[in-house]
Amino acid sequence: MYDVAELAGVSHQTVSRVLNGGTGVRPTTTRRVEDAIRELGYRPNRAARTLATRRSRAIGILAPASAEFGPMSSLHAIEHATRDAGYRPLITSAPADPVAVRESLEFLLDQSIEALVVIAPYTSVLGELDVLGDELPVVVLNTGETPTGAAVAVDQASGARLLARHLLDLGHRRIQQIAGPADFFDAALRRRAVDSVLTEAGLEVLPALSGDWTADSGYAAAAALDPTATAVVCGNDQMALGVIHALSDLGRRVPEEVSVVGFDDIPESAHSLPPLTTVHQDFAEVGRRAVALLVGRLDGTPAEDVDPSVEPWLVVRESTAPPRREDGERGR
């Protein structure tokens, strides 16, 4: 910083004000400092700045070591929201293993983060958050519970109920699920919500099949569907795409013989054959609300008006239709 100040012909305090966006520096002076920074290739020492200000302005993000659409979309949303709020995102990932989660949390703490966002789609993550204590602000995403700190999530149960009621409104009475992995919060919430709607309607709850979020698992599960099922609720869009493919290979038409719905509204869902009826999750809004909660605590202005539950919405496309009547005509 002193080298930059000497080259620009200003004090090191002026260089500091320019770097930190302070006011009171003339535009011509700012340009000289910026030219000197470029010429010298100067990079501020963040460790030194943290020691001087006692602020790292860094928010840690712990993400799952997976490529599922939901967690990755959440990660991107949080990263952008963190930058927009004037903080630095520090990202690391961990598989669903307690030791790996603990090591990742320790790594982030060693970076002097001021707050933490945990994308926790599976249950094994939450048990490790006790290592954080009570001083670090924490927000957890993608959970159905309220663990340490605060939680922000799309209302998974609400989205699943939208799908189930859509199929009931079309006239379906034999509805089967292909659920996601049992140790994922979202999978369990969606499955229970659909079962609840069917039970309230006085319908038989067909045994749920299991998948692992992939299209391949949906394809494999389709072979075990109850032959009387006229509609299939899939735990996510990828599995739904696999089911549609499998039903086509089995000679069963979608939606003429079987309606299929997914969850997430991935970009590809609008281009499947037929286009997929699904539930849209507003991941960008989840990221904004999570960061707003953290920044409010860091800046001493708690964001009490932030609703931790983000409502999803139903996207109706051509993969659903009324069930076919026994005489071969479409039901009314």
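**Close-up views of a predicted model**

**View 1. Asp183 sits in a loop and is partly exposed.** At 39% relative accessibility, Asp183 counts as partly exposed, because the class between buried and exposed runs from 20% to 50%. The model shown here and in every other view is predicted. Asp183 belongs to the loop between S6 and H8. Pro121 is 62 residues away from Asp183 in sequence. In space, the two C-alpha atoms are 8.5 Å apart.

**View 2. Phe69 and Phe283 form an edge-to-face pair.** A search of the whole structure finds two aromatic pairs. In this one, the rings of Phe69 and Phe283 are 5.8 Å apart, centre to centre. Their planes meet at 75°. Phe69 lies in helix H5, residues 69-84. Phe283 lies in helix H11, residues 283-298. The pair therefore ties together parts that are 214 residues apart in sequence. Is each ring buried or partly exposed? Phe69 is partly exposed, with 22% relative accessibility. Phe283 is buried, at 8%.

**View 3. Phe184 and Trp213 form an edge-to-face pair between two loops.** The ring centres of Phe184 and Trp213 are 5.7 Å apart. The planes stand at 80°, so the pair is edge-to-face. Phe184 is in the loop between strand S6 (175-179) and helix H8 (185-200). Trp213 is in the loop between strand S7 (209-210) and helix H9 (215-222). The pair links distant parts of the chain, 29 residues apart. Phe184 is buried, with 13% relative accessibility. Trp213 is buried too, with a relative accessible area of 7%.

**View 4. Two arginines lie over aromatic faces.** Arg57 lies over the face of Tyr87. The distance from the ring centre of Tyr87 is 4.1 Å. Arg190 lies over the face of Phe263. Here the distance from the ring centre is 3.9 Å. Arg190 returns in the two cavity views below.

**View 5. The largest cavity holds about 160 Å³ of space.** Three cavities of 30 Å³ or more are counted in the model. The largest cavity is lined by 16 residues. Which of them are closest to its centre? They are Gly70, Pro71, Asp186, Arg190 and Asp264. H5 and H8 are the elements that give two or more residues to this lining. The largest share, three residues, comes from H5. H5 is also the helix that holds Phe69 of View 2. By residue type, the lining of the largest cavity has six nonpolar, six polar and four charged residues.

**View 6. The second largest cavity holds about 80 Å³ of space.** This cavity has 15 lining residues. Gln177, Arg190, Arg191, Cys234 and Gly235 lie nearest its centre. Which elements give two or more residues to this lining? They are helix H7 (156-170), S6, H8 and strand S8 (231-234). H8 gives the most, with four residues. The lining of the second largest cavity divides into 10 nonpolar, three polar and two charged residues. Arg190 is thus placed in three settings: over the face of Phe263, among the residues closest to the centre of the largest cavity, and among those nearest the centre of the second largest cavity.

Conventions
Residues numbered from 1 in each chain as written. Predicted model: local features only at pLDDT ≥ 70, side-chain atom pairs only at ≥ 80, totals over all residues. Heavy atoms only, no water. Phe/Tyr/Trp six-rings, centres within 6.5 Å; stacked < 30°, edge-to-face > 60°. Buried < 20%, exposed > 50% of the residue type's maximum accessible area, 1.4 Å probe, protein only. Lys NZ or Arg CZ within 6 Å of the ring centre and 35° of its normal. 1 Å grid on protein atoms, 1.4 Å probe; cavity = no way out; pocket = protein on both sides within 12 Å on 5 of 7 lines; lining within 4 Å. Points joined across faces, edges and corners; volume = space filled by probe spheres on them. Nonpolar A, V, L, I, M, F, W, Y, C, P; charged D, E, K, R; others polar.
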